[in-house]
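Work through the exercises below with the model open beside you. Try each task before you read its solution.

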Amino acid sequence: MTMKMQGIYRVLVRELRRIWLNPRYFVLMTLGVAFTFVFFATITKDGQPQRLSVAVVDMDGSYLSRRICHEINATPGVKVVAVYNNHTEARRAMQRGKIFAFYEIPKGTYNDLLQFRSPHFVLYVNSAYMLAGTLSYKQLATMGMLATGAVQREVYRKKGYSDEQAMGLIQPVEYDTRNIGNPWINYGNYLMTTLIPAVIAFIVLMHTAYVIARERQERTMKSWLRRAGGNTLYALIGKMIPYTAWYTLLCLLANLIMFGPMGFPLEGSWMLMVVNSILLVFAAQCAGCFIASAIPDPPLTMGISAIYSAMSFSLSGFSFPVESMPTFFYSFAWLYPIRHYYQNFCDIAIFGNGFAHCWPRFCALMAFGALLMVGALFLRWQMSRQARLSVQPSKTEAL
Amino acid sequence: MINTLKDIWTVFSIEVRRVFSDRMVLLIFFLAPILYPFIFCFLYHNENVENMSIAVVDEARSADSKRFIHKLDATPELTVAYRCSNLGEARRLMNDHEVRSIFYFPEDFSQRLAEMRTARIVVFSDMSSFYFYKAALTGGNAVLIDEMHTIELQRYEQAGLTNEEAQIQMQPVVMENTTLFNPTGGYGSFFLPCLMILVMHQTLFLGICILTGDARENRKSLHIIPSHLRRGSIHRVTLGRSLCYLLIYVPLCILDLWFIPRWFNLPQLGNLYTILIFCLPFILATIFFGMTVGNLVVRQKISPMLCFVFFSLVLFFVTGMVWPQESMPRFWYLFSYLFPSTPGVQGYVKIASMGARLSEVRHEYMVLWIQAAVYFSASTLILSARILLRRRRNILVHNLRQKQQSLAQWQKKR
């Protein structure tokens, strides 16, 4: 046992020294994590996009249409940037990306209203911009409902109904929405809680693959393995430890800031989130180790790692649910540590579920450890083959 | 002039050989831009969440609530998977992820309707993915509006109003909604056009950085510079190299931005001519951007993969497709214009999804040309500066050696 520990320890010391002598990528990657965190925190600081540009096509030019303009301007989240005279102008502004939605008030609206004919308002929304389109639609549709509701209520009041009765007549049924896990529909909460760990997992994987590929490139494989007493598994473990510790620390720090000062809700226990973060980093590292050990060509290692992990953001399933993807990808998502992390996160932070719900995912993350063993086997096989190849020519020479 | 062309041709042919002899660059230049669009098109083939399981808790047990539940079940978005007797049971199902949303009808639902007071339905939604929330909201709202009409119409008929009078009473102003562009509001139609441009941008950028890193690592720091070139004519190297990448990426551009969207029924309102004209400055700007960054910072062949790939996420957010640019902090807005991907994505989405012509994307088009010009001069200047520095260092080293030699000779003499 002590021999094993010594092997791991010696590799660990060697790795720390390598980091100390060339800290460039270590520092750069840490800055990368910090940058991503600050980026998302500052860009989503309002929770939802504010001041979305919308417009009004006023073909009526009456007192009423001008009042509607004012009312839209008073709606939170949107601002009227232009009033157009015809549909074509507004459509072109939308194609230029100047506005996300516009109301069209047809000619003769005010007259229609005075003569008890229902005028038609048309709300045009641009759905090519997902978030901006949906939000401006929501704000403008609500504004429209409220405006017509106000007219109706005025009528009912004059007929002698009380306010509650009037509301009951105008809106017989309404929804009372309870959004579990994100009551304010805050995009920062939604994006950051999964994206930041995903970025960390991504960087961990690439960094692990990079340090192993670098050993191959610098032709220092032999000295590395000799330090571990020739055992490839200990060599890999010793090499991983500094990165595991550092990135776990970063992941925990990010979670601490998000669930602490930034106030994102964490329903369940902290301990489970800590375990979840540690296992995420561990699993991502094992995947990186496996790729780097199995592929002997350093540039190819990095290429394959990047191609594999670039899909992790989509297959985590937080943006578009994995359940709605084709069945093949549903099972494919299991190959990504971040998928398990995200599911655990939902259980812990959103629903407050305990260990009973999380343990299968914890096991799945730990199962990535098997990849480490396979990677060690690959490495051993490669080294023994290399040894054989390098011994044979000398034999022939001797003969 | 002929010399210039000759030099460009030399650099070009060396660069083509380098690209096609490097497995990693081939992987990034050819496999990624062909593979990713296909994979992601399959991934987001179902544009929206359909038939999401919900639970209903019907404590009212009335004709109104039953009708409401039937209508919910009939929407394309929702499927009533469980009918629970109480809220606790439904919450447990939700915690087990069996259902993504709960519609709870309180006991006084029908009573309030009969008393003409606003009846309330409590909706619990799972916010782990906004698509669950969106499905619950879209399906639920459609039913709500329909049900409100039914109830109101019933009431007015009971009050003895004719149908037409009732209509006017109900809706003094009729609101119509029309979705221009991406009418289903699907995720694929929104995300995939952005993804195509981002994949082109990132693969081209990375490939160039890797080639630069490879040259520097193998001590060919001033690689493929014909020996007679002086400082002023370094632009021939930049031009020769970029010609090689341009010729590789134009066919890829036609495949990714024209054919694949057709095959997968993605929005494609622009024509091939517009797309090609628009993509020319985009590809050029990306090439020169990649060469600038490569000449400036990249020292190894494999480090660009480590340092730049995760940045794609930031690039996607900074384009303004998710978070509108007007709502961004000023700093990030300006930051976004460092990258050709920002005007690239915006312009392409406008052309492909929104049917814009070149005149409508004039702003993006101009920005791309400006970026191309700026990054072209920057990459050329940086390369010349490097050559100058190296020559100076070589002279210094040469002088030093000479001094050492003369010293040694002098010592020998003594």
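The exercises go from whole chains to the contact between them, and then to single residues.

This is a predicted model, in which local features need pLDDT of at least 70, side-chain atom pairs count only at pLDDT 80 or more, and totals for chains, interfaces and linings use all residues. Residues are numbered from 1 along each chain as its sequence is written, while chains are lettered from A and ligands numbered from 1 in the order in which they are written.

**Exercise 1. Describe the build of chain B.**

Step 1: list the elements. Chain B has 15 helices and five strands. These are DSSP runs, numbered from the N terminus: helices are H or I with at least four residues, strands are E with at least two.

Step 2: judge the spread. Chain B is more spread out than a compact globule, because its radius of gyration is 32 Å, well over the 22 Å that the globule rule gives for 414 residues. The radius is taken over C-alpha atoms, and the rule is 2.2 Å times the number of residues to the power 0.38. Along the principal axes, the C-alpha atoms fill a box of roughly 125 × 50 × 40 Å.

Step 3: find the domains. An automatic or database domain assignment sets the bounds. In chain B it gives domain 1 (2-44 + 193-399) and domain 2 (52-170). The centres of domain 1 and domain 2 of chain B, taken over C-alpha atoms, are 52 Å apart.

**Exercise 2. Do the same for chain A.**

Step 1: chain A holds 17 helices and five strands.

Step 2: chain A has a radius of gyration of 30 Å, where a compact globule of 399 residues would have one near 21 Å. Its C-alpha trace spans about 110 × 45 × 40 Å along the principal axes.

Step 3: buried residues make up 46% of the 399 residues in chain A. A residue is buried if 20 or more other C-beta atoms, placed from the backbone, lie within 10 Å of its own, exposed if 12 or fewer, and partly exposed in between.

**Exercise 3. Work out how the chains meet.**

Step 1: count the residues. The contact takes 83 from chain B and 87 from chain A. Two residues are in contact if their C-beta atoms, placed from the backbone, lie within 7 Å.

Step 2: look at the side of chain B that touches chain A. Helix α6 (residues 130-158) of chain B gives the most to this side, with ten residues.

Step 3: follow the strands. Strand β5 (residues 173-180) of chain A pairs with strand β4 (residues 119-126) of chain B in the parallel sense, over eight bridges. Strands pair if DSSP finds at least two bridges between them. Within β4(B), B:Val122 is the bridge partner of A:Asp176.

**Exercise 4. Examine the loop between β1 and α3 of chain B.**

Step 1: place B:Glu59. It sits in the loop between β1 (52-58) and α3 (63-74) of chain B. B:Glu59 is partly exposed because it has 16 C-beta neighbours inside 10 Å.

Step 2: find its contacts. Not counting residues up to four places away in sequence, B:Glu59 touches B:Phe105, B:Pro106 and B:Glu107.

Step 3: turn to B:Arg61, which lies in the loop between β1 and α3 of chain B. B:Arg61 is not a glycine, yet has a positive phi of about 50°. With 11 other C-beta atoms within 10 Å, B:Arg61 is exposed.
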